[in-house]
Amino acid sequence: MEWFVEAFLKAALVWLGAGVLLGLLFTVSPQQVVYRPAHAHINLLGFVSMMIFGVAYHVIPRFTGNALFSRRAAGWNWWISNVGLVLLVAGFFMRPHAVGAAAPALAVGGTLAAAGAFIFITNVWKTIDGN
Ligand code: HEM
Ligand code: HEM
């Protein structure tokens with residue numbers, strides 16, 4: 001297994017643990033629901049997307065019989081997606097208390113998380129095409 005496949009699978013599991021704990025906190029302390037966007041993105045970008053990224057990087061080259069277009073880009077995908085999500089989530093946690101301070105974290109984190117997704121889109125598309 002490539003290092004970035006293992007890293008995506010493990011990151012997805014860590015994000016799932018964090019997302020479920022935050023969801024659990026909402027059920028016992030409903031006023032914490034102000035952090036719902038953090039919970040949604042920890043679970044959907046952290047667990048669901050990263051699990052898909054890791055599994056796709058492993059199976060799509062095998063399904064298609066083509067080598068992964070760029071292993072380097074897949075490594076960058078991991079770093080950019082995870083750093084981006086940490087910042088995005090930090091921004092979502094800060095926003096109810098300090099909108100001004102949250103704005104740069106949201107903007108930079110959101111841009112990095114989006115960039116990670118576009119690296120994935122390009123890398124998998126070119127792998128399918130066998131470029
Ligand atoms: C034990 C696990 C979980 C618990 C206890 C939990 C609990 C909650 C609670 C209490 C809310 C707020 C609902 C409200 O607005 O009042 C919420 C929202 C949400 N949860 Fe979870 N959650 C869990 C796991 C997950 C997972 C695994 C995912 C996704 C894979 C997820 C996705 C979402 C999303 C997207 C929202 C926002 C929904 C919206 O936009 O209204 N949750 N969750
Ligand atoms: C670069 C990637 C993404 C960015 C920057 C982003 C950003 C945002 C922002 C700023 C909001 C509004 C939050 C609010 O003000 O309440 C939002 C809401 C939401 N997004 Fe995303 N998003 C991204 C990707 C995704 C993906 C991939 C999914 C699903 C797989 C998703 C699901 C949701 C959901 C369910 C909500 C409503 C959350 C709530 O009820 O609080 N987002 N997103």
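**Two ligand shells and a nonpolar core**

In this predicted model, 14 residues surround ligand 1, and those that come nearest are Val 20, Gly 23, Phe 26, Ala 40 and Asn 43. Two elements each give two or more residues to this shell, namely helix H1, spanning residues 3-28, and helix H2, spanning residues 36-64. The largest share, seven residues, is supplied by H2. By class, the shell around ligand 1 consists of eight nonpolar residues, five polar residues and one charged residue.

Ligand 2 has 13 residues around it, of which Ala 40, Leu 44, Gly 110, Ala 113 and Ala 114 come nearest. Here H2 and H4 each provide at least two residues, and H2 again gives the most, with eight residues. The shell around ligand 2 comprises nine nonpolar, three polar and one charged residues. Ala 40 thus appears among the nearest residues for ligand 1 and also among those for ligand 2.

Attention may now turn to the nonpolar core. The largest such core contains 27 residues, and those with the most contacts inside it are Phe 8, Ala 12, Trp 15, Met 50, Tyr 57, Leu 88 and Val 89. The elements that contribute two or more residues to this core are H1, H2, helix H3 (71-94) and helix H4 (99-129). Of these, H3 gives the most, with eight residues.

Phe 8 offers a local view of the packing. Leaving aside residues up to four places away in sequence, Phe 8 touches Met 50, Phe 53, Gly 54, Tyr 57 and Trp 78. Two of these partners, Met 50 and Tyr 57, are themselves listed with Phe 8 among the residues with the most contacts inside the core.

How values were computed:
Residues are numbered from 1 along each chain as its sequence is written. Chains are lettered from A and ligands numbered from 1 in the order in which they are written. This is a predicted model: local features need pLDDT of at least 70, side-chain atom pairs count only at pLDDT 80 or more; totals for chains, interfaces and linings use all residues. A residue is near a molecule or strand if its C-beta atom, placed from the backbone, lies within 6 Å of it. Helices (H or I, at least four residues) and strands (E, at least two) are DSSP runs, numbered from the N terminus. Ala, Val, Leu, Ile, Met, Phe, Trp, Tyr, Cys and Pro count as nonpolar, Asp, Glu, Lys and Arg as charged, and the others, Gly among them, as polar. A nonpolar core is a set of buried Ala, Val, Leu, Ile, Met, Phe, Trp, Tyr and Cys residues joined through C-beta atoms within 7 Å. A residue is buried if 20 or more other C-beta atoms lie within 10 Å of its own, exposed if 12 or fewer, and partly exposed in between; C-beta atoms are placed from the backbone. Two residues are in contact if their C-beta atoms, placed from the backbone, lie within 7 Å.
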